[in-house]
Amino acid sequence: MKLFDVYPLNNITITRALGSKVWDADGNEYLDMYGGHAVISIGHTHPHWVKRIESQLEKIAFYSNSLVIPQQQELADKLGKLSGKNDYQLFLCNSGAEANENALKLASFHTNRKKIIAFKKSFHGRTSLAVAATDNPAIVAPVNQTNNIVFLPFNEVDSLNAVFKAQGNDIAAVIVEGIQGVGGINVATTPFLQAIRQNCDQYGAVYIADSVQCGYGRSGKFYSHDHAGVQADIYSMAKGMGNGFPIGAISIAPHLQPKYGMLGTTFGGNQLACAAALGVLEVMEAENLLNNAAEIGQYLMDGLRQLPLIEQVRGAGLMIGFDVPDSIKDLRKNLLWKHRIFTGEAKPNVIRLLPSLALSKADADHFLDAIGAEIKALSSSSTLIPS
Ligand SMILES: Cc1ncc(COP(=O)(O)O)c(C=O)c1O
């Protein structure tokens, strides 16, 4: 049997990882500025997280949601405390798409409405409603196409107000990333997020903060929407939540009432996943990783802004993007193959940095030195090409 070939691959096999470093099968060391796609929050193979998972595994890995699983309440308490949402309710699932799918369903159940507002360049996952709310027709199958999603320009208050004015009573939810990830690191402005809150309040719609990539401390605050001082009705999360162990969740405001059978999952909230997620939050708290993300993120952005040629350095905390002009278009490729540094990308020309929230200043310097040297090398070689 062969693998279903949907991923273009770099021919590298990682066999070991620690903190912000990973090693391939030949023992070569790489700096991970990609965090395995924004997933590594507390650092690869953190010893406390490993111990937490191992000791849970020795007792019980899984039993169904039909019985009491005390680890779920422990996780809810810890998450409520660290995210400043003690009065919210937690529903556990397994991935980011599933979190958004449940958030959108819950909003529709709550309002008894069908219309969803989403934004240009959004990415919300690949399940049916999440992918329909994603602005990429190439990944929406015919069966997922629906007229229930209204796509509006990101960060444009006037068009948001106009749509609410025209059809506000049909709108179940607005789903928005506080910082668009796949779309190229686009930071939502405070007036835009405030306008979403205000319209949702006025028309009784549900404000869903897709925090799958920009949440869980990545922006330097627990949720990126916190920078705007805005409270969402539902926060969806996944990626950093398990530091690589698959787990997702939605954090739900108190006025959204549950009903037996309304949402459900077989695997969500199992003992092992909860232990992994608790390990993450314990490390985030003990090592003050939100502060580290804010500090090192600012340091990286300041350093990047000193460099020639790259443009529009933007982001918050350790979610950073910048544009790469055509003259140095091999920058990302060379960072990997010449300097052994993993970065992320957003098409067509954005480099995305999504490293562990525990990234050290020394690793940030290593990255800045390497990218500075590579920009120099690429720009001098491009000027040598005869016209
Ligand atoms: C903002 C956002 N939402 C949802 C998802 C989907 O998450 P998953 O791949 O865990 O289903 C992603 C994944 O990249 C994402 O970036």
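**Helix α2 and the overall fold**

Helix α2 covers residues 47–59, which makes 13 residues. At 1.5 Å a residue, the expected span is 18 Å. The end C-alpha atoms of α2 lie 19 Å apart, so the span agrees with expectation. The model examined here is predicted.

Burial divides α2 into two sides. W49, R52, I53 and Q56 are buried, with 20 or more other C-beta atoms within 10 Å of their own. These buried residues cover an arc of only 90° around the axis, and therefore sit on the same side of α2. The other side of α2 carries exposed residues: P47, K51, E54, S55 and E58. What do the buried residues of α2 pack against? Their partner is α8, residues 271–286.

The protein as a whole holds 11 helices and 17 strands. Its C-alpha trace spans about 65 × 55 × 45 Å along the principal axes. A compact globule of 387 residues would have a radius of gyration near 21 Å. The value for the protein is 21 Å, so the two agree.

Burial and contacts were also computed over the whole protein. Of the 387 residues, 48% count as buried. Among contacts with a separation of 6 or more, 74% come from residues 24 or more positions apart.

Key. Residues numbered from 1 in each chain as written. Predicted model: local features only at pLDDT ≥ 70, side-chain atom pairs only at ≥ 80, totals over all residues. Helix = DSSP H or I, 4+ residues; strand = E, 2+ residues; numbered from the N terminus. Expected span 1.5 Å × (residues − 1). Buried ≥ 20, exposed ≤ 12 C-beta atoms within 10 Å, placed from the backbone. Arc of directions from axis to C-beta. Contact = placed C-beta atoms within 7 Å. Rg over C-alpha atoms; globule rule 2.2 N^0.38 Å.
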